[in-house]
Amino acid sequence: MSKAIYPGSFDPVTMGHMDVIRRSADIFDELVICVLNNVNKSALFSIEERVKILQKATQDLPNVRVDHFSGLLTQYARQQHIHVVVRGLRAVTDFEYELQNAQTNRKLSDGYLDTMFLTTSLEYAYLSSSTVKEIASFGGDVSDCVPDFVAELLYAKYK
């Protein structure tokens with residue numbers, strides 16, 4: 001059985017994330033989406049909220065499981081017997097950062113963990129969770145950026 005992990009903050013999940021999730025779910029027998037607790041970012045949604053949001057957003061994908069973790073991705077992956085990390089790339093600037101993370105994870109895991117990059121579909125290449133939050137905070141239209149129910153949750157947070 002092939003398994004992969006797709007880690008991220010997902011604060012909130014965007015259509016770009018969903019694109020990578022759906023495409024990864026087609027490639028692997030099991031995809032574990034891991035919401036990470038990034039202490040360097042102040043999240044709009046709690047970890048519990050993000051897990052619930054992702055569970056709802058992926059409810060039609062039977063081979064997708066949502067979890068959360070704190071700490072090193074390499075430790076979590078080893079505990080879960082997962083050898084592949086999926087990461088989405090929007091632009092060249094993402095590649096530099098993601099390449100460094102992939103190399104670090106491979107080194108920390110003694111070669112146990114590899115990274116597979118998927119380029120985001122062009123229609124979502126501009127999207128980031130930060131941009132979506134900024135648009136929503138000013139009451140802008142985020143309907144093309146996130147699933148409908150996520151847009152409602154965003155607007156409720158900013159009221």
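Which residues does L154 touch, not counting residues up to four places away in sequence? Select L154 and look around its side chain. The contacts are P12, L44, F45, V132, K133, A136, V142 and V146. Keep in mind that this is a predicted model.

**Stop 1: the largest core**

Stay on L154. This residue is among those with the most contacts inside the largest nonpolar core, alongside I21, I33, L54, V142 and V146. The core has 35 residues. Now colour the elements that give two or more residues to this core: β1 (3-8), α1 (15-27), β2 (30-36), α2 (47-57), β3 (64-69), β4 (84-89), α5 and α6. Helix α2 gives the most, with five residues. Another core lies apart from this one. That second core has 11 residues, and I5, V32, L73 and I82 are among them. As a rule, nonpolar side chains in soluble globular proteins tend to be buried together.

**Stop 2: helix α6 and its partners**

Select residues 148-158, which form α6. Inside this helix, F149, V150, A151 and L154 are buried. What do the buried residues of α6 pack against? They pack against α2 and α5.

Take α5 next, residues 129-137. The axes of α5 and α6 are 9 Å apart, at an angle of about 60°. That makes α5 oblique to α6. Their crossing is right-handed. Show the side chains: V132, K133, A136 and S137 of α5 meet L154, Y155 and Y158 of α6. By class, this contact has five nonpolar residues, one polar and one charged.

Now switch to α2. Its axis comes within 11 Å of the axis of α6, and the two cross at roughly 155°. The cut-off for roughly antiparallel is over 145 degrees, so α2 is roughly antiparallel to α6. Here E49, I53, K56 and A57 of α2 meet F149, V150, L153 and K157 of α6. This contact has five nonpolar residues, no polar ones and three charged.

**Stop 3: two buried residues**

Go to E30, in strand β2. Is E30 buried or exposed? It counts as buried because its relative accessibility is 16%, and the cut-off is under 20%. Leaving aside neighbours within four places in sequence, E30 is in contact with M1, S2, K3, A4, N63 and R65.

Then pick A77, in helix α3 (residues 73-80). A77 counts as buried, at 0% relative accessibility. Not counting residues up to four places away in sequence, A77 touches I82, Y112 and L113. Draw a line from its C-alpha atom to that of I53: the two atoms are separated by 22 Å. Along the chain, A77 and I53 are 24 residues apart.

**Stop 4: backbone exceptions**

Most residues other than glycine have a negative phi, and most peptide bonds are trans. The last three selections depart from that pattern.

- Select D11 and P12. The peptide bond between them is cis, with omega near 0°. P12 sits in the loop between β1 and α1. P12 is also one of the residues that L154 touches.
- Select H81, in the loop between α3 and β4. Its phi is positive, about 60°, although H81 is not a glycine. H81 is exposed, with a relative accessible area of 59%.
- Select D110, in the loop between α4 (92-108) and β5 (114-119). Phi of D110 is near 55°, a positive value in a residue other than glycine. D110 is exposed, with a relative accessible area of 73%.

Terms used
Residues are numbered from 1 along each chain as its sequence is written. This is a predicted model: local features need pLDDT of at least 70, side-chain atom pairs count only at pLDDT 80 or more; totals for chains, interfaces and linings use all residues. Side-chain values use heavy atoms; hydrogens and water are left out. Axes are lines fitted to C-alpha atoms, for helices over the stretch in contact, and angles run from 0 to 180 degrees between N-to-C directions. Helices (H or I, at least four residues) and strands (E, at least two) are DSSP runs, numbered from the N terminus. Angles under 35 degrees count as roughly parallel, over 145 as roughly antiparallel, 65 to 115 as roughly perpendicular and the rest as oblique. A crossing is left-handed if the near helix is turned anticlockwise from the far one by less than a right angle, and right-handed if clockwise. Contact means heavy atoms within 4.5 Å. Ala, Val, Leu, Ile, Met, Phe, Trp, Tyr, Cys and Pro count as nonpolar, Asp, Glu, Lys and Arg as charged, and the others, Gly among them, as polar. A nonpolar core is a set of buried Ala, Val, Leu, Ile, Met, Phe, Trp, Tyr and Cys residues joined through side-chain atoms within 4.5 Å. Buried means under 20% relative accessible area, exposed over 50%, partly exposed in between (1.4 Å probe, protein chains only).
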